[in-house]
Amino acid sequence: MSTTGRIHSFESCGTVDGPGIRFIVFLQGCLMRCKYCHNRDTWDPKGGKEVTVDEIIKDATSYRHFMNASGGGVTCSGGEAMMQPEFVRDFFKAAKEQGIHTCLDTNGYIRKHTEVIDEVLEQTDLVMLDLKHMDDEIHEDLIGVSNHRTLDFARYLQKIGQTTWIRYVVVPGYTDDLDAARKLGEFIKDMDNIEKVELLPYHKLGAHKWEALGHEYPLEGVNPPSKEVMDSIVEVLSEYHDNIKY
């Protein structure tokens, strides 16, 4: 019997969630409460629609030519994909049986490291790990939870040699200072499994989703960071890693 999961949606030709052209599955459910979340409607684990692995892999493989020709593949995102690890594991396993690259986009907030977590990683070619902030107090204010579990997961990825990209959202007033960038650099500098650090400028494209759900957008009035701010963070992080992009 094919494993079932709850998804918000999928994107057939994504280009920003991993290398190449990608089939991206956005799963329902998330335990973080990021003030800048642009997928606010994915938080509810009971939302979205139920699908089977057989159904979603059929959709994905119809784009295999475009994915393979571009060095792309499939990505599980969210929400938080690791809230449904059995579904991700079986979807990735089915994709790899078709010769398709697999990418896990995760915040790393793993409440309990069980066997299925390792089973997911065994089927994962690339992890894109969101590191929100190295200061736990600021992290809790911006994200709603501690950063301890995410940092532990990052260390585990290093331990097992899992190919990883780090993603860091630059939010004015929260993560745009150079001291925060240095702390991130210090944390990752000896992690030889990290291929790239992606800086993501904060944007307001998801604000309307908060409003549609009847919630006030927490960062109303906060504007995207300037190019000068982004360049200064790149300069700092380049002291610790040789592949910083935005």
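Is F23 buried or exposed? F23 is buried, with a relative accessible area of 0%. The legends below describe close-up views of a predicted model.

**View 1. The sheet has nine strands in a mixed arrangement.** An open sheet of 9 strands runs in the order β3-β1-β2-β4-β5-β6-β7-β8-β9. Its pairing is mixed. The edge strands are β3 (49-52) and β9 (244-245). Each of these two pairs on one side only. Strands of a sheet pair through backbone hydrogen bonds, either parallel or antiparallel.

**View 2. Strand β2 sits between β1 and β4 in the sheet order.** Strand β1 (residues 4-14) pairs with β2 in the antiparallel sense, over 5 bridges. S9 has F26 of β2 as its bridge partner. E11 stands opposite I24 in β2. Strand β4 (residues 73-77) runs parallel to β2, and 5 bridges join the two. F26 stands opposite S77 in β4. F26 thus appears in both pairings, facing S9 and S77.

**View 3. Strand β2 is covered on both faces.** R22, I24 and F26 lie on one side. F23, V25 and L27 lie on the other. Each of these residues is buried. Because 6 of the 6 residues of β2 (residues 22-27) are buried, the strand is largely enclosed by the rest of the structure.

**View 4. F10 and F23 stack across two strands.** A search of the whole structure finds 6 aromatic pairs. One of them is F10 with F23, a stacked pair at 4.9 Å centre to centre with 25 degrees between the planes. F10 lies in strand β1 and F23 in strand β2, so the pair ties together parts that are 13 residues apart in sequence. The two rings differ in burial: F10 counts as partly exposed at 34% relative accessibility, whereas F23 is buried at 0%. F10, F23 and Y63 form one aromatic cluster.

**View 5. F87 and F91 stack within one helix.** This aromatic pair is stacked, at 6.4 Å centre to centre and 20 degrees between the planes. Both residues lie in helix α3 (residues 85-97). F87 and F91 are 4 residues apart, about one turn of the helix. F87 is buried, and so is F91.

**View 6. Two basic side chains lie over tryptophan faces.** R40 lies over the face of W210, at 5.4 Å from the ring centre. K196 lies over the face of W165, at 3.7 Å from the ring centre.

**View 7. The largest pocket draws on several strands.** The space in the largest pocket is about 720 Å³. Its lining comprises 28 residues. The closest to the pocket centre are H38, N39, D105, R167 and L200. Strands β5 (101-106), β7 (164-170) and β8 (194-201) each supply at least two residues of this lining.

**View 8. The annotated domain spans residues 16-239.** An unreviewed UniProt entry annotates this range as "domain: Radical SAM core". Over residues 16-239 the chain is 38% helix and 18% strand. The C-alpha atoms at the ends of this range are 25 Å apart.

Technical notes. Residues numbered from 1 in each chain as written. Predicted model: local features only at pLDDT ≥ 70, side-chain atom pairs only at ≥ 80, totals over all residues. Heavy atoms only, no water. Buried < 20%, exposed > 50% of the residue type's maximum accessible area, 1.4 Å probe, protein only. Pairing = 2+ DSSP bridges. UniProt positions renumbered as here; feature names shortened; annotations may be inferred. Phe/Tyr/Trp six-rings, centres within 6.5 Å; stacked < 30°, edge-to-face > 60°. Lys NZ or Arg CZ within 6 Å of the ring centre and 35° of its normal. 1 Å grid on protein atoms, 1.4 Å probe; cavity = no way out; pocket = protein on both sides within 12 Å on 5 of 7 lines; lining within 4 Å. Points joined across faces, edges and corners; volume = space filled by probe spheres on them.
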